[in-house]
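Colleague: I have a chain open on my screen and would like to talk through its fold with you. Could you take me through it?

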Amino acid sequence: MEIEDLVGSTEIAQRLGVKPNTVAQWHHRGIMPAPLAEVSSVYLWSWEAVSAWARKRPGHSRAPG
């Protein structure tokens, strides 16, 4: 996995066009993919996994790949 494939909640929010708080809520509710790692209290996700998940959700069918 390339380092640019790892994203935090801010990058996820920007790419999906939602607020960072929305990403935090998805994470805390356990409805998005699990993060791959936590570094200095910052969660990191695989963009590939998040993007695939978002494309399956109503309203995010056009999530970038």
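Modeller: What follows is a conversation about the fold, the sheet, one helix and the aromatic side chains. Please keep in mind throughout that this is a predicted model.

Colleague: Fine. Which elements are there, and how do they run from the N terminus on?

Modeller: The chain has three helices and three strands, and starting at the N terminus they follow the order β-α-α-β-β-α.

Colleague: In what order do the strands sit in the sheet?

Modeller: The sheet is open, its three strands are arranged as E1-E3-E2, and the pairing is antiparallel. Strand E1, residues 6-7, and strand E2, residues 37-39, each have a single partner strand and stand at the edges, so one side of each has no neighbour in the sheet.

Colleague: How many bridges hold each pairing?

Modeller: E2 pairs with strand E3, residues 42-46, over three bridges in the antiparallel sense, while E1 and E3 pair, also in the antiparallel sense, over two bridges. If you want residues to click on, Val 39 has Val 42 in E3 as its bridge partner, and Val 7 has Trp 45 in E3 as its bridge partner.

Colleague: What about the turn between E2 and E3, how many residues are between the strands?

Modeller: That hairpin has two residues between its strands. Ser 40 lies in the loop between E2 and E3 and has a positive phi near 50°, although it is a residue other than glycine. Ser 41 lies in that loop between E2 and E3 as well, and its phi is near 65°, again a positive value in a residue other than glycine.

Colleague: Why point out the sign of phi?

Modeller: Because most residues other than glycine have a negative phi.

Colleague: Are those two serines buried or exposed?

Modeller: Ser 40 is exposed, with a relative accessible area of 69%, and Ser 41 is exposed too, at 63%.

Colleague: Changing topic to helix H3, which residues are buried there?

Modeller: Helix H3 covers residues 47-56, and its buried residues are Trp 47, Val 50, Ser 51, Trp 53 and Ala 54. When you look down the axis of H3, these buried residues fall within an arc of 165°, so they line one face of the helix. The face turned away from that buried side carries the exposed residues Glu 48 and Lys 56.

Colleague: And what do the buried residues of H3 pack against?

Modeller: They pack against E1, helix H1 (9-16), helix H2 (20-29) and E3. As a side note on Trp 47, Arg 15 lies over the face of its ring, at 4.8 Å from the ring centre.

Colleague: Now the aromatics. How many aromatic pairs are there?

Modeller: The count comes to two aromatic pairs. In one of them, the ring centres of Trp 26 and Trp 53 are 5.1 Å apart and the planes stand at 70°, so the pair is edge-to-face. This pair links distant parts of the chain, since Trp 26 belongs to helix H2 and Trp 53 to helix H3, with the two residues 27 apart.

Colleague: Are Trp 26 and Trp 53 buried or exposed?

Modeller: Trp 26 counts as buried at 7% relative accessibility, and Trp 53 is likewise buried, with a relative accessible area of 14%.

Colleague: And which residues make up the other pair?

Modeller: Tyr 43 and Trp 45 form an aromatic pair that is tilted, with 6.1 Å from centre to centre and 50° between the planes. Tyr 43 is partly exposed, with a relative accessible area of 30%, whereas Trp 45 is buried, at 2%.

Colleague: Last topic, the chain as a whole. How much of it counts as buried?

Modeller: Of its 65 residues, 29% count as buried. The chain exposes about 4,400 Å², and carbon and sulfur atoms supply 50% of that area.

Colleague: And what share of the contacts joins residues that are 24 or more positions apart?

Modeller: Among contacts in the chain with a separation of 6 or more, residues 24 or more positions apart account for 42%.

Notes. Residues are numbered from 1 along each chain as its sequence is written. This is a predicted model: local features need pLDDT of at least 70, side-chain atom pairs count only at pLDDT 80 or more; totals for chains, interfaces and linings use all residues. Side-chain values use heavy atoms; hydrogens and water are left out. Two strands pair if DSSP finds at least two bridges between them. Helices (H or I, at least four residues) and strands (E, at least two) are DSSP runs, numbered from the N terminus. Buried means under 20% relative accessible area, exposed over 50%, partly exposed in between (1.4 Å probe, protein chains only). The arc is that of the directions from the helix axis to the C-beta atoms. Contact means heavy atoms within 4.5 Å. Rings of Phe, Tyr and Trp (its six-membered ring) pair if their centres lie within 6.5 Å; planes under 30 degrees apart count as stacked, over 60 as edge-to-face and the rest as tilted. A charge sits over a ring if NZ of Lys or CZ of Arg is within 6 Å of the ring centre and within 35 degrees of the ring normal. Accessible areas come from the Shrake-Rupley method with a 1.4 Å probe; for residues, only the protein chains shown count as cover.
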